[in-house]
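Reader: I am a first-year student and would be grateful for a close look at a single part of this structure. Could you describe one helix and the surroundings of its residues?

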Amino acid sequence: MPHFVRTLPPTVLIIVIGALVGVSFTLTKLVAIAGTPPQLALFWQLLVASLVLFPIMVSFGKRPLLRRRYLLYYLGAGFLGISGPALVGYMVLSYVSTGFYSALVTLSPLFTFGITALVERQMLPRHRLVGILIGLAGISLATYNGFDLSAVAPHWIAVAIAGPLLLAMGNVFRSRIYPSGGDPMTLATGTLVLQLFLIGLPILISGQIASNTMPSPGTIVAITGIGLITAFSYVLTFEVQRRTDGVGFAQVGYFATLFGIA
């Protein structure tokens, strides 16, 4: 992790992550409407991200730790924070607008707050809830009457809500089980590579890549962009998670919404 990144306040990193995630929603929409199967799009996304991060990690003289608790962390953080939400996005963005899906992400801070309170079996400080509700109210006013959902089947809206719910669960998981002394670069790389293996192995064995036609150049560019965003935003995610808890990190959702709608 470059020194200047470590010196930046968490708020700045949260805004940067939100901007990257917001842009990725638009790129995901392009991939979805191109008809790319969600599991294949996720495979290429993870492949690009892994090919970017792994050499960088090696150049810093680091390597992912493969002890059991780290593997469990890679598995949980990867499914809840990357694979699950990405698959939801690839599925629903063929049916709902990028702006609407981005607006739904504002639910992730509230979900994170609720899940954290359940896990810790106590109510978190009231001022944190007030701050989350103020942010949610502000985004709601900004997006009021901005989306036409009359042609969207209710079940796709329900599936779309699973996106911020998984993100919230990922926020809590990463925060509570963050390995002591864990390095953000190695944690991000280990998480991505393990997800690539778990998603890619069934695809390669089943021959889905060979049986599907090559994506269009525009789709390839979009998936490459999503992969690059995944790589860098997830390193920053672990850096922020190292310095704050899941509720604090969840504020990314508000900035992701603003940039996604923009």
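Author: **A helix and its surroundings**

Apart from neighbours within four places in sequence, S50 is in contact with P55, L192, V193 and L196. The model examined here is a predicted one. S50 belongs to helix α3. Is S50 buried or exposed? Its relative accessibility is 7%, and because buried means under 20% relative accessible area, S50 counts as buried.

A second residue of this helix may now be considered. A41 is also placed in helix α3, which covers residues 38-59. The relative accessible area of A41 is 0%, so this residue is buried as well. Which residues does A41 touch, once neighbours within four places in sequence are left aside? They are V31, T36, Y90 and I223. A further relation links A41 to a distant part of the sequence: A41 and A222 are separated by 181 residues along the chain, while their C-alpha atoms are 10.0 Å apart in space.

The record adds an annotation for these parts of the chain. In an unreviewed entry, UniProt places the feature "transmembrane region" at several spans, including residues 41-60, 153-173, 185-205 and 217-236. For two of these spans, the model can be described in further detail. Residues 217-236 are 100% helix and 0% strand, and the C-alpha atoms at the two ends of this span lie 29 Å apart. Residues 153-173 are 95% helix and 0% strand, with 31 Å between the end C-alpha atoms.

Notes. Residues are numbered from 1 along each chain as its sequence is written. This is a predicted model: local features need pLDDT of at least 70, side-chain atom pairs count only at pLDDT 80 or more; totals for chains, interfaces and linings use all residues. Side-chain values use heavy atoms; hydrogens and water are left out. Helices (H or I, at least four residues) and strands (E, at least two) are DSSP runs, numbered from the N terminus. Buried means under 20% relative accessible area, exposed over 50%, partly exposed in between (1.4 Å probe, protein chains only). Contact means heavy atoms within 4.5 Å. UniProt positions are given in the numbering used here, feature names are shortened, and annotations may be inferred rather than shown by experiment.
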